[in-house]
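This report concerns the structure shown below. Helix packing is treated before aromatic pairs.

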Amino acid sequence: MSVEFAGLLVYALGMSITQEQAREISEQRSRSETTRRVVSPGLEALLYQPIEVLDHGFVRVIDYLGDDSAIVQAARVSYGTGTRSVRGDAALIAYLMRHRHTTPFEMCEIKYHVKLPVFVARQWIRHRTASVNEVSARYSILDREFHIPAPGNLARQSTQNRQGRSDILEGDEAVRVLEILKDDASRAYGHYEELLDDEGPGLARELARINLPLGIYTQWYWKTNLHNLLHFLALRSDPHAQHEIRVYAEAMLETVKAWVPLAHEAFVDCRLEGAELTAKQLAVVRRMLKGDAVTQETSGLSRRMWDELQAVLEGRP
């Protein structure tokens, strides 16, 4: 790929990546190595390419180890690949997923380069099952890039859920919120530049950064195994997860589909679109199957557990 292509890549991504990063991506994708190890053709096609997320963010796969056959090989402790049919491998992987035999999934690893707002990163880092290396504002000057929510994502605080949103803001209220977010971000970054100015205070970078808002973008390399990645995705792609981290999880879920399609299919079936019931909820379902007209009052379930059961039975999030 040419330098001109790298420039087009930057333009197409709305400046989510720098010219230098675009050239690096172009060079990486122009190389091809021969190897004896198993590769995933689907993920090879995506390797190094940024998947745009939010207004300035992205996710891209930097490296990986293993594929569906690595899961099967570990489960059977076999010597190589191709000892069973694809159908047999799919059935085994589905069995492992259903019964939570997690170790075989740990044989696959993946490394991402992620650009994300700091407030998303602070949620993300709660998952302590990965190796992380984040850009340091002690050494680097952060770019003037902030996440400003799309108007359709501006919502009031939910009165029912302390972590949730309710009605979308409209009209003058939405305009005013966006003005405040943009003005505050711009003012904070302007002061950041002023503090760093060699002809001014020349403040140390590690101190100048403390006034930057949570909406500024950071970047990191994030490496994890497939088991822990799927746990992350189960939580963060859930409809109840915050929108700004959910869109990253959805982008990463597409890379999993390309990487390990059999494991992805089992994950969607067992975890994303499956459901778990407590013993009490299961007892209620059994009563319903026998024809009993069970109500919340006669179920023995709390209101919350009853509502959760109804959501599962009705296919609601």
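At what angle do helix α4 and helix α5 pack, and how far apart are their axes? Helix α4 (residues 68–76) and helix α5 (residues 86–98) pack at about 70°, and their axes are 10 Å apart. The two are therefore roughly perpendicular to each other (65 to 115 degrees). The model is predicted: local features need pLDDT of at least 70 and side-chain atom pairs 80 or more, whereas totals for chains, interfaces and linings use all residues. Residues are numbered from 1 along each chain as its sequence is written, and side-chain values use heavy atoms, without hydrogens and water.

Asp68, Ile71, Val72, Ala75 and Arg76 of α4 meet Gly88, Asp89, Leu92, Ile93 and Leu96 of α5 (heavy atoms within 4.5 Å).

The whole structure holds nine aromatic pairs (ring centres within 6.5 Å; planes under 30 degrees apart count as stacked, over 60 as edge-to-face and the rest as tilted, with the six-membered ring used for Trp). Two of them are tabulated here.

| Pair | Centre to centre | Angle between planes | Class |
|---|---|---|---|
| Tyr64 and Trp259 | 6.5 Å | 70° | edge-to-face |
| Tyr112 and Trp222 | 6.5 Å | 35° | tilted |

Tyr64 lies in strand β2 (residues 57–65) and Trp259 in helix α10 (residues 243–259), so this pair ties together parts 195 residues apart in sequence. Both Tyr64 and Trp259 are buried (under 20% relative accessible area, 1.4 Å probe, protein chains only). Tyr112 and Trp222 are buried as well, and ring pairs link them into a cluster with Trp124, Trp220, Phe232 and Tyr248.

Key
Axes fitted to C-alpha atoms, helices over the stretch in contact; angles between N-to-C directions. Helix = DSSP H or I, 4+ residues; strand = E, 2+ residues; numbered from the N terminus. Parallel < 35°, antiparallel > 145°, perpendicular 65-115°, else oblique. Buried < 20%, exposed > 50% of the residue type's maximum accessible area, 1.4 Å probe, protein only.
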